[in-house]
Amino acid sequence: MTGDHHACSRRGFLALAAAIAVPLPGCAQQGELGGVPPWMLTPDTKTDPDLDRDVRIIHELLVHHQEIARTVDDFSYGVRATTTSANRDVAANLRTHVERMRWRLARGDAIRQLDPLFAELFKHHAQIDLQVEPLPDGVRVLETSSDPRVVMLLRQHAVAAVSEFAAEGVERALRPTPLPPGYSA
């Protein structure tokens with residue numbers, strides 16, 4: 001992907017990598033990654049050879065978040081999110097990211113495992129139907145479930161996680177995503 005890769009400081013990149021992936025060898029303690037909270041760390045990536053590639057794409061999207069437009073429509077059975085960019089590289093990364101996340105969801109291959117919302121979503125991965133429509137400038141995703149509790153999680157993920165990631169970038173990715181109001185695990 002082309003563009004200004006200096007928009008994220010080295011410290012910010014390391015914190016983001018920890019937020020999405022794993023601590024680097026020798027950096028397992030919170031203070032060693034600039035105060036990264038333990039909930040952000042994904043404990044086991046030895047069995048996940050695709051995580052590094054996925055993290056790089058997520059990082060690119062977070063760094064270029066200001067080039068991303070996103071709308072979310074709510075339905076009683078789920079959400080439809082349209083995410084686009086006029087930047088061809090960003091649009092291609094959006095499509096790749098969504099396909100990768102669809103693959104992870106189908107397998108129950110979690111990311112951000114210690115983030116409360118992501119952990120709960122992946123617990124219910126088998127109850128989620130994800131349909132992806134590639135667009136020339138991005139992607140449209142329909143996420144549905146027949147379980148009203150899972151629909152609450154889908155809405156929270158669409159609005160309080162992904163839309164906020166698109167609006168705020170790396171800084172938002174450093175914070176956990178709470179479970180939806182009224183949801184009981």
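In this predicted model, helix H4 passes helix H5 in a left-handed crossing. H4 covers residues 116-123 and H5 covers residues 148-168, and the two pack at an angle of about 140° with their axes 10 Å apart. Angles over 145 degrees would count as roughly antiparallel and those from 65 to 115 as roughly perpendicular, so H4 and H5 are oblique to each other.

Which residues make the contact between these helices? From H4 come Leu117, Phe118, Glu120 and Leu121, while H5 brings Leu153, Leu154, Gln156, His157, Ala161 and Phe165. Sorted by class, the contact of H4 with H5 has 7 nonpolar, 2 polar and 1 charged residues.

Now let us turn to another pair of helices. The axes of H2 and H3 come within 10 Å of each other and cross at roughly 140°. That angle makes H2 oblique to H3, and their crossing is left-handed. On the H2 side you can look for Leu51, Arg53, Asp54, Ile57, Ile58, Glu60 and Leu61. They meet Val90, Asn93, Leu94, Thr96, His97, Arg100, Met101 and Arg104 in H3. By class, this contact divides into 7 nonpolar, 3 polar and 5 charged residues.

Here are the two helix contacts and the lining of the largest cavity, side by side:

| Set of residues | Nonpolar | Polar | Charged |
|---|---|---|---|
| Contact of H4 with H5 | 7 residues | 2 residues | 1 residue |
| Contact of H2 with H3 | 7 residues | 3 residues | 5 residues |
| Lining of the largest cavity | 23 residues | 4 residues | 4 residues |

The last row brings us to the empty space inside the model. How many cavities of 30 Å³ or more does the structure hold? There is 1. The largest cavity has a volume of about 650 Å³.

What surrounds that space? The largest cavity is lined by 31 residues, and His97, Val98, Met101, His157 and Val162 lie nearest its centre. Some of these names may look familiar: His97 and Met101 belong to the H3 side of the contact with H2, and His157 takes part in the contact of H4 with H5.

Several elements share the lining. At least two residues each come from helix H2 (51-63), strand S2 (78-84), helix H3 (88-107), H4, strand S4 (138-144) and H5. The largest share, 6 residues, is supplied by H3. The helices of both crossings, H4 with H5 and H2 with H3, are therefore among the elements that line the largest cavity.

Definitions and conventions
Residues are numbered from 1 along each chain as its sequence is written. This is a predicted model: local features need pLDDT of at least 70, side-chain atom pairs count only at pLDDT 80 or more; totals for chains, interfaces and linings use all residues. Side-chain values use heavy atoms; hydrogens and water are left out. Axes are lines fitted to C-alpha atoms, for helices over the stretch in contact, and angles run from 0 to 180 degrees between N-to-C directions. Helices (H or I, at least four residues) and strands (E, at least two) are DSSP runs, numbered from the N terminus. Angles under 35 degrees count as roughly parallel, over 145 as roughly antiparallel, 65 to 115 as roughly perpendicular and the rest as oblique. A crossing is left-handed if the near helix is turned anticlockwise from the far one by less than a right angle, and right-handed if clockwise. Contact means heavy atoms within 4.5 Å. Ala, Val, Leu, Ile, Met, Phe, Trp, Tyr, Cys and Pro count as nonpolar, Asp, Glu, Lys and Arg as charged, and the others, Gly among them, as polar. On a 1 Å grid over the protein atoms alone, a cavity is a set of points where a 1.4 Å probe fits but cannot get out, and a pocket is an open set with protein on both sides within 12 Å along at least five of seven lines; lining residues have an atom within 4 Å of a point. Grid points are joined across faces, edges and corners, and a volume is the space filled by probe spheres set on the points.
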